[in-house]
Amino acid sequence: MTPDFDDLVGTDLEPAERARLQRVHDLLVAAGPPPEPAAPAVVHPMPRRRRGALLGLAAALAVAAFAIGAAVGNHTAGRSVDRVVAMNGTNDASTASASLKVFAADDAGNWPMEIRVARLQPSARGRPFELWLTKDGQLAALCGSFFTSADGSASVPLNAPYRFTDYDGWVVVEEGSETPLLTT
């Protein structure tokens with residue numbers, strides 16, 4: 001059943017406007033009513049086996065990405081070593097030791113380093129340890145912070161943007177303390 005055009009628009013229109021609206025009305029009638037909405041598709045959850053397999057695959061990919069990132073992210077690999085500095089434990093950490101590998105300076109004058117610590121037990125207060133350059137026996141320039149594992153070991157990349165000739169040694173202290181635990 002098509003509604004009467006005159007009932008829709010009335011009879012008091014300008015002839016040009018009436019002709020335009022008549023063309024639109026005729027097109028709408030020819031197009032017909034909109035289609036009925038389709039029933040929504042039924043979504044079936046994935047079987048548990050597939051979900052487990054996908055989770056396992058995702059975990060394996062995450063581990064692989066981490067391993068690749070660790071291998072690629074090692075910025076000191078292949079760099080020439082400028083010097084290796086041995087560090088010994090003080091009375092407050094007598095069994096501890098460390099080896100500080102200083103690599104050649106980069107183009108900006110930064111000295112990449114890697115400290116390997118052994119038998120320096122984690123701080124009882126949960127604080128990190130800090131590597132400092134010293135001048136006249138005093139803490140002078142911070143090179144970085146690190147934590148040790150439960151067995152007292154750590155291998156940590158650090159950086160020193162300083163001229164080493166301005167300093168006379170290295171120490172490791174607990175954050176917030178000036179008492180050396182390791183020294184050169």
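**View 1. Arg83 sits over the face of Trp111.** In this predicted model, Arg83 lies 5.7 Å from the centre of the Trp111 ring. Follow Trp111 a little further and you meet Phe164 and Trp170, which join Trp111 in one aromatic cluster.

**View 2. Phe129 and Phe146 make a tilted aromatic pair.** Four aromatic pairs are found in the structure. In the one shown here, the ring centres of Phe129 and Phe146 are 6.0 Å apart and their planes meet at 40°. This pair links distant parts of the chain: Phe129 belongs to strand β4 (residues 129–135) and Phe146 to strand β5 (residues 138–146), with their positions 17 residues apart in the numbering. Are these two rings buried or exposed? Phe129 has a relative accessible area of 2%, so it counts as buried. Phe146 is buried as well, because its relative accessibility is 3%.

**View 3. The largest nonpolar core brings together 27 residues.** Met113, Ile115, Leu120, Leu131, Trp170 and Val172 have the most contacts inside this core. Which strands supply at least two residues each? They are β1 (81–89), β2 (97–103), β3 (111–118), β4, β5, β6 (154–160), β7 (169–174) and β8 (180–183). As a general background, nonpolar side chains in soluble globular proteins tend to be buried together.

**View 4. Here are the contacts of Leu131.** Neighbours within four places in sequence are set aside for this view. Among the residues that Leu131 then touches are Met87, Leu100, Met113 and Ile115. Its contacts also include Ala141, Leu142, Cys143 and Gly144, along with Leu158, Trp170, Val171 and Val172.

Terms used: Residues are numbered from 1 along each chain as its sequence is written. This is a predicted model: local features need pLDDT of at least 70, side-chain atom pairs count only at pLDDT 80 or more; totals for chains, interfaces and linings use all residues. Side-chain values use heavy atoms; hydrogens and water are left out. Rings of Phe, Tyr and Trp (its six-membered ring) pair if their centres lie within 6.5 Å; planes under 30 degrees apart count as stacked, over 60 as edge-to-face and the rest as tilted. Helices (H or I, at least four residues) and strands (E, at least two) are DSSP runs, numbered from the N terminus. Buried means under 20% relative accessible area, exposed over 50%, partly exposed in between (1.4 Å probe, protein chains only). A charge sits over a ring if NZ of Lys or CZ of Arg is within 6 Å of the ring centre and within 35 degrees of the ring normal. A nonpolar core is a set of buried Ala, Val, Leu, Ile, Met, Phe, Trp, Tyr and Cys residues joined through side-chain atoms within 4.5 Å. Contact means heavy atoms within 4.5 Å.
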